[in-house]
Number of protein chains: 6
Amino acid sequence: MAQNYSFKYFTVQFPAENPYVAHVEINRAEKMNAFFEANASLTSSWVTSMWLEMRQVFTQLSEDPSVRAIVLSGAGEKAFTTGLDVKAASQGGILSSDSNLDPARKAVHLRRHVLEFQDCISAVERCEKPVIVAMHGFSLGLAIDLSTAADIRLCSKDVRFAVKEVDIGLAADIGTLSRLPKVVGNFSWVKEVALSARIFGAEEALRVGFVNSVHENRAATIAAALKLATLIASKSPVAVQGTKEILNWSRDHSVQDGLRYTGVWNSAALQTGDVSAALLSGLQKRTPTFEKL
Amino acid sequence: MAQNYSFKYFTVQFPAENPYVAHVEINRAEKMNAFFEANASLTSSWVTSMWLEMRQVFTQLSEDPSVRAIVLSGAGEKAFTTGLDVKAASQGGILSSDSNLDPARKAVHLRRHVLEFQDCISAVERCEKPVIVAMHGFSLGLAIDLSTAADIRLCSKDVRFAVKEVDIGLAADIGTLSRLPKVVGNFSWVKEVALSARIFGAEEALRVGFVNSVHENRAATIAAALKLATLIASKSPVAVQGTKEILNWSRDHSVQDGLRYTGVWNSAALQTGDVSAALLSGLQKRTPTFEKL
Amino acid sequence: MAQNYSFKYFTVQFPAENPYVAHVEINRAEKMNAFFEANASLTSSWVTSMWLEMRQVFTQLSEDPSVRAIVLSGAGEKAFTTGLDVKAASQGGILSSDSNLDPARKAVHLRRHVLEFQDCISAVERCEKPVIVAMHGFSLGLAIDLSTAADIRLCSKDVRFAVKEVDIGLAADIGTLSRLPKVVGNFSWVKEVALSARIFGAEEALRVGFVNSVHENRAATIAAALKLATLIASKSPVAVQGTKEILNWSRDHSVQDGLRYTGVWNSAALQTGDVSAALLSGLQKRTPTFEKL
Amino acid sequence: MAQNYSFKYFTVQFPAENPYVAHVEINRAEKMNAFFEANASLTSSWVTSMWLEMRQVFTQLSEDPSVRAIVLSGAGEKAFTTGLDVKAASQGGILSSDSNLDPARKAVHLRRHVLEFQDCISAVERCEKPVIVAMHGFSLGLAIDLSTAADIRLCSKDVRFAVKEVDIGLAADIGTLSRLPKVVGNFSWVKEVALSARIFGAEEALRVGFVNSVHENRAATIAAALKLATLIASKSPVAVQGTKEILNWSRDHSVQDGLRYTGVWNSAALQTGDVSAALLSGLQKRTPTFEKL
Amino acid sequence: MAQNYSFKYFTVQFPAENPYVAHVEINRAEKMNAFFEANASLTSSWVTSMWLEMRQVFTQLSEDPSVRAIVLSGAGEKAFTTGLDVKAASQGGILSSDSNLDPARKAVHLRRHVLEFQDCISAVERCEKPVIVAMHGFSLGLAIDLSTAADIRLCSKDVRFAVKEVDIGLAADIGTLSRLPKVVGNFSWVKEVALSARIFGAEEALRVGFVNSVHENRAATIAAALKLATLIASKSPVAVQGTKEILNWSRDHSVQDGLRYTGVWNSAALQTGDVSAALLSGLQKRTPTFEKL
Amino acid sequence: MAQNYSFKYFTVQFPAENPYVAHVEINRAEKMNAFFEANASLTSSWVTSMWLEMRQVFTQLSEDPSVRAIVLSGAGEKAFTTGLDVKAASQGGILSSDSNLDPARKAVHLRRHVLEFQDCISAVERCEKPVIVAMHGFSLGLAIDLSTAADIRLCSKDVRFAVKEVDIGLAADIGTLSRLPKVVGNFSWVKEVALSARIFGAEEALRVGFVNSVHENRAATIAAALKLATLIASKSPVAVQGTKEILNWSRDHSVQDGLRYTGVWNSAALQTGDVSAALLSGLQKRTPTFEKL
């Protein structure tokens, strides 16, 4: 079992009762887990921020052989995350307009910044292990971007979701608009919530398929996520990680390309010892064990 | 505020109580708003028709800076539209077979005709402002094509939907078959209604996600659509129009291409004054106002 | 009306009361309709198997002009199919590791095998006539692959579904991972069931849109499927087959490419006599009849 | 044979000795055929311009059944076209920065303008009949955009080509950057000429495959183009127009999608009487004649 | 070494001096190797034909472990192949119009026929081993379709190429229009030869990159092809077959998708013993030997 | 002007006579600039290597505002680079087979490794400034991968190129197979050199369009590259960097998607002051100066 450890804004725990599961928590409860960007300015590189830390966490877990499934939640009772720390952003971040570059040059800096930011969120999608996100309380803006990059979404009854970006004058640019139409098959609803920025709750989220299940409160949601993660972590990691990869590939390709990619992928993956281990355990009604990956 | 005006088959109103909202109505109630094609023949160009008028309406509203959201409905209590005016079509339109061209040459004319017709419907999708469609009564064939090109779909309790085309011996070719699988994430249901042409009602439409909400009657549906349009029109037009554009782009591209396009788009859009206006208003609990677009 | 006939593992019937409908049944009830691969080894070609037979059935029906719609079900009360016959597979099939090729060469053989297997399942999708699948009892693994290649899914109350593959140590490679995200618009749910292999029932399948309707038992499900098939078979076969083709094309292409393909397709299809037959029957309130296709 | 006619900046002739061929000429020799945009401003619609006229010409010829092939050339000995009339553009066109919109709003106007401009150029590609472009003298900027939208490029010895746009501070945005890499299979060369804006001549253009052949002077180039057009116009128009369409489709799609589209296209096109006419003429060593299209 | 064998229209030889090389020859010299379709009619299935035989040959060689490279040539001095046997086709094949189906139904039969025909040609591309085509004399129509599906093209000085299809009233539909723009990076030239059907010779073919080299006569061309095939066959078959597959995939996908597919492909392929065998032989200046594949 | 600096294997110089140009040189002449991977093993992360250094160099130059164009060359007279240091690789790198993981797990590590390696090469393509590569002497394997990721290729007379990978038993997996077919429009030639690994020289490289020009020797090639870089660096950086970006996007997308992306890109880029600066300088026959980017 791996040691627990902490970054400045994130903690990573390996609960003893959930083998092969990592529990990542956003840990800035006093600011409702809002994302904060220290020292960022338009023309300097932006070295210290929560986004970078989050990318580091998921990149590390992606290759950590002691991890087979991940749960992501937010500390404190009030919010999973309220998104961008607006006050901070308006005081000197990328959205403040203190630069006297011409609009074309400013656009280059803004594009770099947005792409870098997107890449931090995409680290959750790129992570080779399944990520289950457990949301509660305020889950606004960035919360949606982040959760659509995860694999499975759960929430508590008290959750308050919103694709909040139009309310601050911008089109959501770090993932929601690209991923939400692909995780929820109801384009009319996606457009309504993205264009109106209105709040929606747990029941609606469940009905449209944004979340898989609703739980009593934050603790119960995290418990359910850990339980599901533990179940997934008990399966062959070769099978589980291949399944995540192929499903994500298929989302973005034709069925024909999906099938061909799958054929190439499994030409190596089927050579695992896990298949005979699983088949044998199945016939003998035993729980199989699998090598690390 | 813009002046109301009328085309032959469409009226465009700017309700005083809904700032920045245009209300477009199909206005051929005596024929259940069926679409009619005057003077069309296989080999002549087809100069006057409802389709062309509809394209003109939406192309104009797309660039009209006094418009930020659009509601589309049908006049009369009986139907949003029953689709193609079958009687007229069988008497001399494109579907009558009076030509003695060989099948290859006839195919060229038919293809041109279908592509032109599709383009009229696509004008609703191309329109830079969000379009909310409020449907009631008979909403058949073309009604589905048209509504899937809109952004948000609402309906009344009495609505009767059908992908009617197979019943007149043809595969729906002006949008439904290309768009319906992308607006409703239930391919089995899409195939059933498209292959059987059976009627479905408001409740079923809500359950599968074809519409967002169901209202008491025609008037209530239009009222709800206008209310939602007004809410959307109160947001930054830079944010709203960017959101529509990026969502439509993302529907047709991979997540990776979606993110990259978004980054380029927002490199200009983030330079709007709307962001600081919105942020400031948010902090000051005021309602922001935005320049026209 | 065509004659009924049987293959070794499949029966094909043409019920007198369902004109133009073929009823295909998997016929290995004593083994819960598990798929069996005779004489397969890693390096020989695998000449006799249920997959090949299934491909032959659907390829034949695809071009049979007396068929306009197809129902697929499983014999016996216990299962639609439990998928791969694991016992047989572990004793000498492709998954047994008796070969001493190096992993790269083994991968070539495995890839060929998987692609061939995928192609058998894809025969259901390629079939020009709509395929309605009626599932009951255990419907595991391959059952999901197979049903996602069909057009419309129905099930009985007692159905027990599972994307079972991770439980035998592999990523589902013959269709489920490529098609399931495109037939069910709830990516979070798709990932949960594919990563956890958990059982889900009829009610859940209906709620997420995996099936269109739930019926009392196996017999009632097959009856409903035959009724729907009969309805579809009463429509113009030009319209129905075009609708299936264009919907499948649209699933894998942008809206723009969908519209263009539709325009070309219909440039020939609109030249059918079925359009005037259907229009005329409609005006005369008669049931139209259509030439074979 | 059709009547010759003139627009303000374009003439359209139907040379008696070239049946079924239209000869379009850019007719502003006194300004080296530079493209001029009257009355354009950033916020008004731009009603009169050479681009719009050009779109009108090619849209009309596309459906004109008396036309089977088109030659495009420039009037005067000095230039095919020197591209944008820079002086005019700097005095009040879209590139002048007299507007006080914020950069995001300005971007919306610029984007609309660019897309409209692109669409005018694309009219040459959309034209259903093959377009052969005959270039001579200065052929700068827009000349490249325009010629890459045509099907076949010829030039005279004195031609001076340049992808001139970077020299006026912009990335070529009306076609060259999207089409040049697809018409010339030498990406290193494409990048060099696009990044450096350097002049290149006939010999280099021939060597890299930008043009098919080099001719003595303007007159000889046009003569060669007319001769080739006449040859193409002597073939079945069903075959010729299908060939153009399928080649353009194939450029933008995978081989698999190309084959499938071709199959659908030819399912109608093969039903032409032209096939038997051509086969019969071939066996009888006669010149076939074909119906108009 | 495998035994030589013959089909009705093709011979397959394994020259002793060219280990691991198969030499396939079209063997209907008395009819200039024209492709002939016995017993084909519009509505029956077409059971015996040269196309089917050719597909069988290449499918078989694809999995034959004693084959590592293939040469394809035509028997007789006059022609590689003159393409479709026009006389036969006009007397009763698919292009004769003896059917009284309506144009829509006829289109279905024609499409099936074209897709089946395309699939026979695509067997050359699908073949896992590299195919070098050696062309001489008349190489018309189908010769181009066929050779673009091969990997490497060589020809003799006397070759006479033409994309002949427009001369018989049809757009080339079995591969040329989809593949030629992707094997020759000169779109202007491709359009000229496809639209005009004009003859072009060896020198022009070399200049535009349609062939790699030109040889004195038929015998010398075949000898050069066999020599190149022998060189390729001396390399690791894992490396060679992977290279063919990845190059074909890359042709149809973005660079990003190409890289990702390559990464998955090589994750198995790099586990071959061939790498260390080749590295070791390289360091020891020996000729490596590789296991069959 | 920036300061020159050195990494362990790369030097970066800013020649005084070439304003805004960076000259990067591979600096391991004693080993013919072969790429070397220190401390890499299959399961550890591989922290120090030439690839990582190269990625760092190009990532840094990409955002360095004092750089507008880059030249890449190799130190020493013998080689640009001979590619992978085979001896080192066979002694303990990723290709050595000392691991006892099962083939599926080994595949995961290999895939990660290949993707990381590809990403280092792609840093050259991602670099926002144009990269001109000047090659001489042995330019094998990795040299091709690397140069296809650059924008413009030049070489000296003595160059000896080879896509060398099949000679060490593997399909080139870090870029050549994905990019070479897109930079050279001669698929037959690409396949020949990739399948045979044969050496080709400067003349052949020029003829097929792999390089733009051939120079007397290493020094002359670098001089020509610097001259071209200086020319490009004298243009508007907004125009140049936009041109590189749009050309790379267009390579991987349809013309339609290329045009649309260009429209969005230029909606910001056209707002640069560079356009009026360039127009004004042009009219006044002065050399324009542009702000940094």
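Helix 5 of chain E, spanning residues 176-183, is mostly covered, with eight of its eight residues buried, where a residue counts as buried if 20 or more other C-beta atoms, placed from the backbone, lie within 10 Å of its own, and where a helix is a DSSP run of H or I of at least four residues, numbered from the N terminus. The model is predicted, so that local features need pLDDT of at least 70 and side-chain atom pairs count only at pLDDT 80 or more, while totals for chains, interfaces and linings use all residues. Residues are numbered from 1 along each chain as its sequence is written, and chains are lettered from A in the order in which they are written.

Among the buried residues of helix 5 of chain E are E:Leu177, E:Leu180 and E:Val183. The buried residues of this helix pack against helix 9 (237-251) and helix 10 (255-269) of chain D, against helix 4 (142-149), helix 6 (187-196) and helix 9 (237-251) of chain E, and against helix 6 (187-196) of chain F, contact being taken as C-beta atoms, placed from the backbone, within 7 Å.

Chain A is superposed on chain B by a rotation of 120° with 0.0 Å of shift along its axis, at an RMSD of 0.0 Å, which is the relation of a three-fold axis; the fit is by least squares on the C-alpha atoms of residues with pLDDT of at least 70 in both copies. A:Gly185 is the residue of chain A that comes closest to the rotation axis, at 2.2 Å (C-alpha). Only 8% of the interface residues of chain A are also interface residues in chain B, so the copies meet through different surfaces.

Technical notes
Contact = placed C-beta atoms within 7 Å. Buried ≥ 20, exposed ≤ 12 C-beta atoms within 10 Å, placed from the backbone. Helix = DSSP H or I, 4+ residues; strand = E, 2+ residues; numbered from the N terminus.
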